[in-house]
Amino acid sequence: MIRTILTYPNPELKKKSAPVTIVTDSTRELVQDMAETMYDAPGIGLAAPQIGVHQRVIVIDISAKNEPPELIVAINPVIIHAEGDAYEEEGCLSVPSYAANVKRHARVIVKALDLDGIEQTWKADDLLAIAFQHEIDHLDGILFVDHLSTLKRELFQRKARKAAEEKQ
Ligand code: NI
């Protein structure tokens, strides 16, 4: 089922998500909904709090449009190693019509549970490394705009407020 994606400044996006204690059918149902919602948007990643579910679950698919989908499901993901610097443009389904460069690590190693509750390890670089960092941030209530300099963040907030006023 396609769920509604919450957008900035919804306070639900600022809340910290709780670890999944056991991977059950309801976890798998949540992941199914998250994947459908991400592909429908379309986006390359989605975290559970973006649909108002405060559990540590993320989905990512960075495959190109002309390639078969390659869904990554990470439950309780933890970055166990990070190195190098990246500074790439990011966007977010919860922050529509805004993009900015964000400082990240270039390479990460991530440990997480899969849909069977089995621990998996991903060695990620480039776009995948950035996607993991971006989505894991969501689980801690952090949006990519929170990484911007004060000046850039203020410009973003002003733009967002203006857009909200124009909608009314
Ligand atoms: Ni995002």
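Arginine 28 is partly exposed, with 32% relative accessible area. In this predicted model, the side chain of arginine 28 pairs with aspartate 25 in a salt bridge, with 3.1 Å between the closest N and O atoms. Aspartate 25 is exposed, at 56% relative accessibility. Both residues belong to helix 1 (residues 25–40), where a separation of three residues puts them about one helical turn apart.

## Salt bridges

Side chains of opposite charge can pair when their charged atoms come close. The model has 10 salt bridges by the rule applied here. Three of the pairs are tabulated below.

| Acidic residue | Basic residue | Closest N–O distance |
|---|---|---|
| Aspartate 25 | Arginine 28 | 3.1 Å |
| Aspartate 137 | Arginine 104 | 2.9 Å |
| Glutamate 119 | Lysine 111 | 3.7 Å |

Aspartate 137 and arginine 104 form a salt bridge at 2.9 Å. This pair connects distant parts of the chain, 33 residues apart: arginine 104 sits in strand 5 (residues 95–104) and aspartate 137 in helix 2 (residues 126–139). Are these two residues, aspartate 137 and arginine 104, buried or exposed? Both are buried.

Lysine 111 bonds to glutamate 119 at 3.7 Å, N to O. The relative accessible area of lysine 111 is 31%, so lysine 111 counts as partly exposed. Elsewhere, salt bridges link Lys16, Arg56 and Asp140 into a network.

## The nickel site and helix 2

Which residues coordinate the nickel ion? The donors are SG of Cys92, NE2 of His134 and NE2 of His138, at 2.1 to 2.2 Å. Along the chain their spacing reads C-x41-H-x3-H.

The two histidines share helix 2. Histidine 134 and histidine 138 are four residues apart there, which means a separation of about one helical turn. Histidine 134 has a relative accessible area of 8%, so it is buried. Histidine 138 is also buried, at 2%.

Helix 2 as a whole is mostly covered, with 12 of its 14 residues buried. Among the buried residues are Leu128, Phe132, Glu135 and Ile136, along with His134, Asp137 and His138. The geometry of the helix checks out. At 1.5 Å a residue, its 14 residues should span 20 Å, and the end C-alpha atoms lie 21 Å apart, which agrees.

## Pockets

The largest pocket holds about 440 Å³ of space. Its lining comprises 15 residues; Tyr8, Pro96, Ala160, Ala163 and Ala164 lie nearest the centre. Strand 5 and helix 3 (150–167) each contribute at least two lining residues. Helix 3 supplies the largest share, eight residues. By class, the lining has nine nonpolar, three polar and three charged residues.

The second largest pocket has about 300 Å³ of space. It is lined by 17 residues, with Ile44, Glu90, Gly91, Cys92 and His134 nearest its centre. Two elements, strand 4 (86–92) and helix 2, give two or more residues to this lining. Which element gives the most to the lining of the second largest pocket? Helix 2 does, with six residues. The lining divides into seven nonpolar, six polar and four charged residues.

The nickel site and this second pocket share residues. Cys92 and His134 are nickel donors, and Cys92 and His134 are also among the residues nearest the pocket centre.

## Backbone exceptions

Most residues other than glycine have a negative phi, and most peptide bonds are trans. Several places in this model depart from that pattern.

Two peptide bonds are cis. One runs from tyrosine 8 to proline 9, with omega near 5°. Proline 9 falls in the segment before helix 1. The other joins alanine 41 and proline 42, with omega about -10°. Proline 42 is in the loop between helix 1 and strand 1 (45–47).

Serine 97 is not a glycine, yet has a positive phi of about 50°. Serine 97 lies in strand 5 and is exposed, with 71% relative accessible area. Aspartate 126, also not a glycine, has a positive phi of about 50°. Aspartate 126 belongs to helix 2 and is exposed at 57%. Just after helix 2, glycine 141 takes a positive phi of about 75°.

How values were computed
Residues numbered from 1 in each chain as written. Predicted model: local features only at pLDDT ≥ 70, side-chain atom pairs only at ≥ 80, totals over all residues. Heavy atoms only, no water. Salt bridge = Lys/Arg side-chain N within 4 Å of Asp/Glu carboxyl O. Buried < 20%, exposed > 50% of the residue type's maximum accessible area, 1.4 Å probe, protein only. Donors = N, O, S within 2.8 Å, 3.2 Å for Na, K, Ca; no water. Expected span 1.5 Å × (residues − 1). 1 Å grid on protein atoms, 1.4 Å probe; cavity = no way out; pocket = protein on both sides within 12 Å on 5 of 7 lines; lining within 4 Å. Points joined across faces, edges and corners; volume = space filled by probe spheres on them. Nonpolar A, V, L, I, M, F, W, Y, C, P; charged D, E, K, R; others polar.
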